[in-house]
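Me: I would like a close look at one part of this protein, beginning with its charged side-chain pairs and moving outward from there. Please take me through it in connected prose.

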Amino acid sequence: MLKLLRQNKISKWFSGIGQEAIAVGAASALSPDDYIMTMHRNLGVFTTRQVPLYPLFCQLLGKKDGFSQGRERSFHFGIPEYRIIGMISHLAAMLPVGDGLALASKLSKRNYVTLAFCGEGSTSEGDFHEALNLAAVWNLPVIFLIENNGYALSTPVSEQYACKSIVDKAIGYGMKGIQIDGNNLNEVYDAVLESKIYALEQQKPVLIEAMTFRMRGHEEASGTAYVPPSLFKEWEKKDPIKQYRDFLLNNNLATEDELHSLEAQADERFMPELERALASDFPDFDEETERSQVFIPFEIPKSKKSKFEEIEGRYIDGISRALEFAFDEDETCLIIGQDIAEYGGAFKVTNGFLDKYGRDRVRNTPIIESGAVGASIGLALEGYKPVLEMQFADFITCGFNQLVNNLAKSRYRWNAEMNVTIRSPHGAGVGAGPYHSQSPEGWFMQHSGLKIVVPATVEDALNLTYSAILDPNPVLIFEHKKLYRSLKGPMTTQPVAEKLGKAKVRRSGVDATIVTFGMGVHWALEKASELSEKDGIELEVIDLRTLVPLDIETVKSSIRKTNRVLLLEEAMEVLGPMSEVSALISEFCFEWLDAPVIRCSSINTPVPTNRKLEDGYLASSRLEKKLHQLLSY
């Protein structure tokens, strides 16, 4: 691979020279059913697990026949059939995913462990803390293996942590810790095997710190000028291949001739596969193919009943009933989040769920967001349908990386199925201030791979929540906290599944169209009714319902009829969801417009706590003025 890098046949390479014993020893000690979460320098995991060399070389070369068809580089990919889950570039992010996979082992009683690699630099990341703490609290059969090679790119361990050894942190999490010579293959093998037996028998996590050294740069372009030359001389004597070679010879387990023969066989084995990969094709860009890779195609199964009894319910009842129905129907559904068990959640959406479904399926987490999203990813990889409750949508920022870089991109990168549903109470109007009132749904629209649902009615709270859980793709549901108990309306006794991405005309009109979603639907309907009674103006109100997929066709159809449009949103005026809708209307509806596209948003400030200030902040306070501006143009 180093030769290919010099020949410009590959763009980047992370060398494992000096660390081979860790990947090979760990993979050798585990069973094929055990999951491994790899990192930069774990080539030995792939070879030890007998991953076919031709597609592996194609992957490393960015060829069409690679595991991710050229969409992802080096080891940033997964091979589910080999129980290997590849990394993302954001360090420690895969450790919480390991928690989710280990929880799946525990719930299914399949008796496998998960081993998650990370470097010593990764232990400074928040995901490291969240993953280890969650594993200890939930008593998960997971092994965290730290490859301590002395440098996080160029930063030495003396500038990474102040404790004597990273393994000392294990006691702080209440878990077993082992420090080993990471260059000794036998010691690595024994430690991992011992940890696996312990993790399965005790149903508890283990932290292993493997001491090693990186003989090349973090990646080849970075070099090693920052490393004192004496360290290379010291660690060269401890080279893991040399150590194991000496072990075999000194214990009469092999002769020099046999070892030379093995080396020749290795060349003979991989060279034809490499040459074949070098001669293979690069992928061709096809826009339709690339776009279709973002989401798993999904058709809603037909309901067994065609008509359900209609009852009166509250917005919160719709959400709770949707969850209950999904849980009753499918035992792979479970919910995790802060205070959701005995307490029933901050807004009591899951009140009574613990008694009905038990602690395995209704699980309190520590105060974490990133770790909870990561664990949900792991559960989804094993076929579970996790629902994660964010206590407030504002706190979703703490899980942003896991959401947009791990959860959202996995399907595109390596065909992973991620049936994860994340519920987030959002919105202002209750005097909750800047950190409990935001409308962050627009933050996620530009990150392909996430579906975004914003129910405005009791019926949609029921049906869209249920449909989101059925959908095999990641779905974010934003529930307006002010509507939980204040909004009542019709709902059916059983949810009706539908394909996400269809808007609804909530009120017909001819004079102008209001396009909105969530709380904006209620503002728009109230104002439309008022203007109809007072001035005879008939406004059409469109509820988008989902922001991704976005139903622009319903919007276009309405604008053809009314020729004027106002875009109403609770989000702030800068880069809110309506900025995208406005751009689409300008591009596709320009010829039908008799007036400029008018946008009515909340102002670009944090959400104030005082109710008078909050009323002025919200878009609803400017709606009449904006409508007058549109209608009088």
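**Salt bridges and their surroundings**

Reply: In this predicted model, the side chains of Glu 530 and Lys 534 form a salt bridge in which N and O lie 4.0 Å apart. The two residues are four positions apart in helix α20 (residues 519–535), so about one helical turn separates them. Glu 530 is partly exposed, because its relative accessible area is 30%.

This pair is one of the 38 salt bridges that the structure holds. Side chains of opposite charge can pair when their charged atoms come close. Another such pair is Arg 216 with Glu 220, whose side chains meet at 2.8 Å, N to O; here Arg 216 counts as partly exposed at 29% relative accessibility, whereas Glu 220, at 18%, counts as buried. Asp 330 and Lys 385 also form a salt bridge, with their closest N and O atoms 2.8 Å apart. Asp 330 belongs to the loop between α13 (315–329) and β10 (333–337) while Lys 385 belongs to strand β12, so this pair ties together parts that are 55 residues apart in sequence. Lys 385 is buried, with a relative accessible area of 19%. Beyond these pairs, a network of salt bridges links Asp 460, Glu 498, Arg 506, Asp 543 and Arg 545.

Strand β12 (residues 385–389) also contains Leu 388, which is buried with a relative accessible area of 1%. Leaving aside neighbours within four places in sequence, Leu 388 is in contact with Ile 336, Gly 337, Ala 372, Val 373, Ser 376, Thr 421, Ile 422 and Arg 423. The C-alpha atoms of Leu 388 and Thr 365 are separated by 9.9 Å, although their positions lie 23 residues apart along the chain as the sequence spacing is counted.

A second buried position is Pro 96, in helix α5 (residues 94–108), where the relative accessibility is 0%. With neighbours within four places in sequence set aside, the contacts of Pro 96 are Asp 127, Ala 131, Gly 371, Gly 374, Ala 375 and Gln 402. Helix α4 (residues 53–61) is mostly covered as well, with nine of its nine residues buried, and these buried residues pack against α1 (2–6), α3 (43–48) and α11. Just after α4, Gly 62 takes a positive phi of about 75°.

The backbone deserves a separate word. Most residues other than glycine have a negative phi, and most peptide bonds are trans. Against that background, Asn 415 has a positive phi near 65°; Asn 415 lies in the loop between α17 (410–414) and β13 (421–426) and counts as partly exposed at 37% relative accessibility. Leu 575, which is not a glycine either, has a positive phi of about 60°, and its place is the loop between β21 (565–572) and α22 (577–588), where Leu 575 counts as exposed at 69% relative accessibility. A cis peptide bond, with omega about -5°, joins Val 548 and Pro 549, and Pro 549 lies in the loop between β20 (546–548) and α21 (552–562).

Returning to charge, Asp 65, Asp 281, Asp 284, Asp 286 and Glu 288 form a negative surface patch. Within that patch, Asp 284 is exposed, with a relative accessible area of 69%, and lies in the loop between α11 (256–279) and α12 (287–292).

Note on methods. Residues numbered from 1 in each chain as written. Predicted model: local features only at pLDDT ≥ 70, side-chain atom pairs only at ≥ 80, totals over all residues. Heavy atoms only, no water. Patch = residues over 30% accessible without salt bridge, like charges linked within 9 Å, V, L, I, M, F, W, Y side chains within 5 Å. Areas by Shrake-Rupley, 256 points an atom, 1.4 Å probe, with all protein chains shown as cover. Lys, Arg positive; Asp, Glu negative; His and termini not counted. Charge placed at Lys NZ, Arg CZ, Asp CG, Glu CD. Buried < 20%, exposed > 50% of the residue type's maximum accessible area, 1.4 Å probe, protein only. Contact = heavy atoms within 4.5 Å.
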